[in-house]
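This report describes the surroundings of a ligand and one helix in a predicted model. The sequence and structure are shown first.

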Amino acid sequence: MDFKLTEDQRMIKEEAKKFAQKRLAPLAQEFDEKEEIPKEIYKELSELGYMGMMLPEKYGGSNLDFISYILVMEEFAKACAALEISLSVHNSLVCDAIFQFGTEKQKEKYLPKLAKGEWIGAYSLTEPSAGTDAGSLKTTALLNKDYYLINGTKSFVTNGGIADLFVFFALTNPEAKSKGISCLLVEKNVESLNIGAKEKKMGIRGSDTRELSFEDCKIPKENLLGEQNHGLRIALTLLDSGRIGVGAQSVGIAQAALDEALEYSKQRVQFGQPICNFQAIQFKLADMATQIDAARLLVYRAAHLKSKNIRCSVEASMAKVFASEVANMVVNEAVQIHGGYGYMKEYAVERYFRDARVTEIYEGTSEAQRIVISKGLLK
Amino acid sequence: MNIVVCIKQVPDTETKIQINSDGSGIVTEGIKYVVNPYDEYALEEGVRLKEKFGGEVTVISLGPERAKEAIRNCLAVGADKGIHLNDPSFEGSDSYVTAKILAKAISEIPFDIILTGKQGVDFDNSQVFAYLANFLNLPFVSVVMDLELSSDLKSVTAKREGEGGEKEMIQIPLPAIIAAQKDLNQPRYASLPGIMKAKKKEIKNLTLSDLDFSADEVGEKGSRVKVKNYSLPPERKAGQIIQGEDPTEVCEILVKLLREEAKII
Ligand SMILES: Cc1cc2nc3c(=O)[nH]c(=O)nc-3n(C[C@H](O)[C@H](O)[C@H](O)COP(=O)(O)OP(=O)(O)OC[C@H]3O[C@@H](n4cnc5c(N)ncnc54)[C@H](O)[C@@H]3O)c2cc1C
């Protein structure tokens with residue numbers, strides 16, 4: 001057993017940390033307040049190779065292994081969780097979807113644009129009445145000679161308002177229900193695709209979340225990704241890496257909260273001494289650090305399996321559910337250590353507290369992860 | 001154009017320096033090492049010159065094995081080759097010896113311009129570039145904030161910051177040595193593809209015998225400066241706030257204190 005990162009992985013982590021701390025962290029509060037991440041940031045990220053992290057050089061990608069990718073995500077989440085999720089969706093749910101399931105023609109058409117950041121990607125599975133029960137989609141995409149006719153509504157689409165391309169799921173065979181779902185590539189500019197207003201959110205407010213509605217929208221036949229009616233398998237395969245990504249996001253947010261709380265506890269004086277002298281505070285810090293480390297190891301273990309192409313749905317779910325619950329425990333304690341100041345927007349822990357909440361919800365709720373894990377046990 | 005950039009690996013500026021128990025050095029355990037920040041400006045300038053005029057950037061560093069990582073970081077940012085002056089006997093070299101070893105290694109490769117930082121943030125001696133100029137018999141400009149190459153690539157005009165903050169414009173013929181100040185440019189971040197490519201670039205390792213030195217010419221033995229003891233600067237006392245409503249009265253107390261306690265007026 002070897003817990004060491006390779007030299008490449010270490011360098012990538014250090015460089016991602018440098019960029020995240022110097023460039024992103026000072027802006028994170030502004031992104032949160034304005035509910036927006038400016039285009040220039042994506043442009044800079046593109047120039048540095050963060051928009052096609054795991055794609056091969058051939059398509060303009062940076063060719064990182066999955067572990068390096070996860071290390072970058074952790075560092076970015078430490079600085080700005082909203083940007084992290086936006087990048088995570090773009091890289092692991094969109095670029096990777098096309099790379100894994102696309103035809104060579106689709107890869108050549110879309111991947112270089114996505115890797116260069118000329119295009120941003122979004123992933124659209126959830127519907128107003130189909131969340132955890134993703135198999136119960138209602139949106140239809142009916143094949144009509146050379147096009148699919150799409151009707152329906154999609155909800156909570158991360159990057160919805162800034163995306164140029166949607167990896168999108170709908171029923172191509174409504175009778176077959178979950179066995180009749182297909183994955184389609186939908187370009188932003190198609191007619192009759194209506195992109196809704198930006199959702200107002202509790203946390204990760206810099207990320208752009210929207211509803212999409214389709215009314216007799218025509219998508220060319222060649223935009224089918226993978227096989228017709230095999231869409232649910234694509235959705236679930238992608239979710240493995242997405243979940244490890246949310247695990248890394250959780251660890252990043254938690255670590256940032258612990259760092260802040262630790263520093264604050266050394267500065268804040270009550271009863272004539274820094275509050276870090278009180279054992280009640282020390283034990284909180286000790287538990288936070290221990291839990292974060294455990295979460296990180298679960299995330300790295302899942303990432304390791306993924307990078308070796310070993311099936312890891314159960315391990316990914318374990319990492320995701322544990323890390324997201326740790327993150328919420330840690331941000332809660334970090335606010336507590338800050339006392340009243342932790343409730344004020346001037347302190348970063350206030351944002352971490354809000355940002356952490358969604359990690360237990362998206363890419364499968366904690367309950368959904370436990371379903372996956374227990375299914376693995378009872379199989 | 002052949003561009004040489006001298007870099008040093010130093011403790012991260014955020015490191016809390018601690019002295020070891022016998023005062024012979026600092027505690028190195030747990031220290032994170034980085035490329036000397038001033039050298040990053042030198043490197044950035046070198047890479048920009050290459051992008052503008054073509055050629056090659058060679059990074060050269062004297063330091064222990066771990067300094068390879070710093071060289072690799074520079075390769076990730078855009079340098080083409082690395083040279084690592086790496087021998088246990090080099091340890092403890094002062095600025096004079098360091099420059100002597102660097103000069104020997106540099107004199108064996110082609111160069112049109114040598115870029116360095118204006119000082120290392122570890123010992124803050126600010127001497128290597130001047131010794132280097134002496135050993136290589138080259139002109140140099142230090143604390144450079146702006147650099148312009150002539151169109152025939154035969155000379156450079158450098159804007160430097162003088163002792164009193166005044167600005168000087170100096171023109172010197174190439175080859176020459178330029179020591180970078182922090183306003184010279186805005187160093188770029190390494191790109192991910194840059195990092196992935198760095199490992200494929202060559203880092204040449206040169207030892208004592210490769211450079212034809214004998215062990216007593218280098219390291220502590222060859223050095224002219226001997227460090228006897230390390231100690232931390234005394235902790236600064238907290239400031240004093242003079243309370244009072246009446247400005248005249250407060251000023252009188254201040255003047256009295258400056259005169260009698262601080263003894264500076
Ligand atoms: C900020 C944000 C961004 C998002 N981004 C995207 C995106 O980019 N693309 C996308 O497709 N989706 C996205 N989502 C949607 C997200 O994945 C869903 O919200 C999530 O899957 C839960 O679905 P739901 O909200 O419909 O909740 P529901 O499925 O209605 O769940 C409600 C509650 O019931 C529980 N529950 C449901 N079924 C069971 C069961 N069988 N057993 C036990 N408990 C159960 C759930 O765990 C939960 O506690 C995003 C959501 C948010 C909040």
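## Polar contacts of the ligand

In this predicted model, an oxygen atom of the ligand lies 2.6 Å from a polar side-chain atom of A:Thr132. A:Thr365 likewise places a polar side-chain atom 2.7 Å from an oxygen atom of the ligand. A nitrogen atom of the ligand is also involved, being 2.7 Å from an N or O atom in the side chain of A:Thr158.

On its own, the ligand has 970 Å² of accessible area, of which the protein covers 63%.

## The shell around the ligand

The elements of chain A that give two or more residues to this shell are strand S1 (121-124), strand S3 (147-158) and helix H11 (366-378). S3(A) supplies the largest share, three residues.

There are 18 residues around the ligand, and those that come nearest are A:Thr126, A:Thr132, A:Phe156, A:Thr365 and A:Glu367. By character, the shell comprises nine nonpolar, six polar and three charged residues.

## Position relative to the domains

The ligand lies between domain 2 (122-231) and domain 3 (232-378) of chain A, because both domains give residues to the shell around it.

## Helix H1 of chain B

Helix H1 of chain B spans residues 37-53 and has 17 residues. From its first C-alpha to its last it reaches 25 Å, close to the 24 Å expected at 1.5 Å a residue.

Buried residues of H1(B) include B:Tyr38, B:Tyr41, B:Leu43, B:Val47 and B:Leu49. Charged side chains also occur in the buried set, among them B:Asp39, B:Glu44, B:Glu45 and B:Lys50. After H1(B) comes B:Gly54, which has a positive phi, near 80°.

Note on methods:
Residues are numbered from 1 along each chain as its sequence is written. Chains are lettered from A and ligands numbered from 1 in the order in which they are written. This is a predicted model: local features need pLDDT of at least 70, side-chain atom pairs count only at pLDDT 80 or more; totals for chains, interfaces and linings use all residues. Side-chain values use heavy atoms; hydrogens and water are left out. A residue is near a molecule or strand if one of its heavy atoms lies within 4 Å of it. A polar contact is a pair of N or O atoms within 3.5 Å; within protein, one must be able to donate a hydrogen and the other to accept it, and residues adjacent in sequence count only if both atoms are side-chain atoms. Accessible areas come from the Shrake-Rupley method with a 1.4 Å probe; for residues, only the protein chains shown count as cover. Helices (H or I, at least four residues) and strands (E, at least two) are DSSP runs, numbered from the N terminus. Domain bounds come from an automatic or database domain assignment. The expected span of a helix is 1.5 Å times one less than its number of residues. Buried means under 20% relative accessible area, exposed over 50%, partly exposed in between (1.4 Å probe, protein chains only).
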